[in-house]
Amino acid sequence: MEEVNPSPAIPSVPARLPTVALRDLVFFPTMVLPLLVGRARSVAALDEATASNGEGHLLLLAQRDAGSDDPSAADLHRVGTVAHVLQSTRLEDGTFRVVFEGVERVSVERFLPGPGPFRAEVSSLAYPDLKAETASTGFKAIVRRTERGFRQYVHTHPDLPSDLGQGLSELDPAAIAHGVAGHLLVSAAEKQMLLESSTLEALFGGLLEILDRELEILQIEDDIDREMRQKMDDDRRQHYLREQMKAIQKELGGGTGEWGDLETRLESASLPKAARERAERELDRARQMSPVAPEAGVIRGYLDWILSLPWTIESSDNPGIPHARAVLEEGHFGLEEVKDRILDHIAVLSLVGQLRGPILCLVGPPGVGKTSLGRSIARALNRRFVRVSLGGVRDEAEIRGHRRTYVGSLPGRVLQGIRRAETRNPVFLLDEVDKLTKDGLGDPSAALLEVLDPEQNRTFQDHYLELEFDLSDVLFVATANTLSGIPDPLRDRMEVIRIPGYLDTEKHSIARDFLIPEQLRRHGLGSAEVAVSREVVDHIIAHYTREAGVRELDRMLARVARKMARRMAEEAERPREPIEVRVEDLVELLGPRRHHHTSPEEGRDRVGMATGLAWTMAGGEVLEVEVAVVPGSGAIQLTGTLGDVMKESAVAAVTFSRSRARELGLKTQFHREVDIHIHIPEGATPKDGPSAGITIAAALTSALTGTPTRPNVAMTGEITLRGRVLPVGGIKEKAVAALRNGIRTVILPEGNEAELDLLPPEVRSEISFHAVDRMEQVLDFVLATPPGLGTPGAEMAELTAGLDPGARVS
């Protein structure tokens with residue numbers, strides 16, 4: 001059995017020692033290590049140790065918190081090492097470089113109070129039964145394994161000198177353990193646990209555990225380094241082989257292989273850094289797989305999209321106001337307010353160079369030129385124009401694109417439009433934005449929020465590309481027929497420009513200046529061959545179309561042009577004189593009249609009738625409200641496909657009439673034995689809204705009093721139970737409809753009076769507007785004989801017995 005030499009005698013040390021606190025360091029016996037001493041307490045402890053005892057003994061204790069600059073006694077561990085000073089040198093900055101040698105492991109009994117350095121009363125902490133413990137065969141095996149593990153650790157670790165493990169076998173076990181523990185590059189907390197080991201065998205067990213763990217970590221680090229070096233070598237080798245392949249293909253006739261075209265495009269393309277890195281990475285992936293692999297086709301399509309997008313290509317603007325005004329006047333008749341607001345936006349663009357304001361949203365009925373206005377804006381700015389129809393879109397991926405995990409995936413409509421425009425700053429028309437729908441596939445209007453928000457769209461990221469694309473220079477223009485279909489958050493990002501319907505005179509000018517020449521050109525006819533008189537155009541507008549725009553008018557003119565072209569084709573020679581289209585020819589060319597305009601007649605036929613104005617998606621409309629009072633049991637019947645809001649307006653009108661029975665010259669109990677039937681013609685067309693409130697009340701009052709209403713008087717407004725008239729919407733469209741139908745007097749709520757200044761001059765000059773705030777004022781204007789000044793006729797006298805208080809609404 002191998003003898004283990006006992007440790008040399010440890011010199012006795014004083015029981016009370018000055019103490020130095022160590023930060024992030026644990027000192028072991030037998031260690032010789034230079035330290036920098038600079039803190040005031042530590043310097044005082046060093047001075048006291050060298051002055052009070054010849055050996056210069058002091059206690060080295062590790063701090064619990066290495067970040068504390070001024071620790072207290074409670075912040076120090078209770079097990080430390082007594083060391084003596086081998087050498088001390090004062091440096092220029094006032095700190096001391098001191099070489100310490102560890103002497104003995106001790107335990108702190110208590111800290112002594114007093115000023116200056118820490119002072120501790122210590123007791124020796126020797127390992128128990130050291131001689132018996134080190135004599136066992138198992139212990140010797142642990143010692144030898146520790147020595148081998150430490151030598152391997154020193155050999156593997158790049159930060160330790162290679163000769164550090166030499167001479168370990170010549171030391172006693174305690175010195176070996178302390179030497180190994182002191183040179184391990186582990187945390188101070190783990191070293192403190194080793195220093196506090198109760199037995200030498202426990203100390204060696206902790207050392208073996210740490211050495212095994214550290215050697216495993218070093219092995220993993222070495223494997224990673226080797227793999228990285230191998231990968232770098234492979235990358236250099238692949239680059240060299242690719243260059244060789246290019247040279248060989250060039251010598252063989254210039255062939256570039258399957259991916260050569262994409263690589264050539266990538267080298268010449270102007271791409272942002274992130275897009276170029278992504279494209280190069282995907283191209284490298286594609287080169288490593290077979291050209292017929294399914295994923296190769298996906299990568300080929302992805303690269304083609306990256307290279308096709310105009311990342312940096314811009315069209316130069318021409319934001320001159322005179323040029324923009326000329327373009328708008330050339331392509332559009334009327335619409336002065338709309339043109340004025342568009343020119344305001346262009347003016348800001350010319351001064352600032354960029355437009356970060358709200359998105360323009362053109363709202364109006366079909367056929368008024370919303371889409372063509374967007375095209376004219378692009379012409380005025382000398383930008384490309386792209387249109388995307390959003391009608392019926394219900395999938396969020398239609399806006400943001402589909403992820404590439406799906407078969408047949410593509411970018412969203414936004415980037416598809418940018419690709420078609422071939423510039424990054426086109427005029428982008430979002431058509432029919434009010435027709436968006438949503439279901440389980442997501443909400444496309446929510447996806448549009450990012451596209452239209454100037455603060456977000458500069459980093460727009462399509463799901464297909466997964467790259468940021470800057471949309472901040474795109475001029476977005478949206479169109480809609482009504483604002484009710486646009487969600488509030490999306491509407492908040494838009495500046496609404498309303499486009500009312502055209503007047504008949506405006507339609508005539510549009511037809512003469514734009515539609516007729518275009519249709520003749522399309523059908524191969526010249527202006528010298530076919531003549532369309534003013535009367536013909538006016539007749540078509542009045543009797544063959546009923547719309548706010550000119551789309552149906554254009555179709556009618558196209559039919560006339562086709563008939564003329566057929567007549568020309570059937571004749572042997574073209575006539576020398578132009579063929580004149582007359583009003584009498586329209587029945588043959590277009591068929592019988594589609595719309596008949598009859599002027600209301602005065603007299604008893606107007607009893608129970610009133611003319612109202614309504615707003616529809618196609619513009620303003622004129623509707624007649626009819627009320628009949630017949631003997632019955634007090635029922636109220638509503639017909640004409642009325643919505644809930646209009647039914648409530650009818651009930652409110654009935655209640656108002658009952659509350660004003662005395663003022664209207666009726667018996668107070670007139671509602672006992674009659675039924676009231678309220679009907680709005682064209683029953684197949686659904687109707688709703690509060691605008692017909694005063695119209696229903698006027699027709700009901702006329703029927704109850706037997707007083708006819710005045711013709712050529714139309715009205716709009718909401719009624720309350722107390723007879724107040726509340727403002728409504730769509731005043732401009734309703735006024736245009738009144739003029740179109742020959743009405744010369746319009747009654748509207750006082751709250752809408754300010755909107756009269758926005759009406760076209762022709763409407764204001766032809767129509768007399770009367771603003772009211774009470775229902776009594778409406779009756780004074782509408783009824784031919786003011787109520788209460790006469791008595792009902794004999795027929796009405798029989799019907800004023802009354803309505804049942806619990807009248808039902810059907």
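In what order do the five strands of the open sheet lie, and is their pairing parallel or antiparallel? The views below are of a predicted model, in which local features need pLDDT of at least 70 and side-chain atom pairs count only at pLDDT 80 or more, while totals for chains, interfaces and linings use all residues. Residues are numbered from 1 along each chain as its sequence is written, and side-chain values use heavy atoms, with hydrogens and water left out.

**View 1. The open sheet follows the order β8-β9-β12-β7-β13, with parallel pairing.** Strands are DSSP runs of E with at least two residues, helices are runs of H or I with at least four, both numbered from the N terminus, and two strands pair if DSSP finds at least two bridges between them. The edges are β8 (385-389) and β13 (494-498), each of which pairs on one side only.

**View 2. Strand β7 (residues 359-363) runs parallel to β13 and is joined to it by five bridges.** Valine 363 stands opposite arginine 498 of β13. Helix α11 (residues 336-352) packs on the sheet, touching β7 and β13 (contact means heavy atoms within 4.5 Å), and its direction makes about 150 degrees with that of β13; axes are lines fitted to C-alpha atoms, for helices over the stretch in contact, and angles run from 0 to 180 degrees between N-to-C directions.

**View 3. Glutamate 432, a residue other than glycine, has a positive phi near 55 degrees.** Glutamate 432 lies in the loop between β9 (427-431) and α15 (444-452), and is partly exposed at a relative accessible area of 24% (buried means under 20%, exposed over 50%, partly exposed in between, with a 1.4 Å probe and protein chains only).
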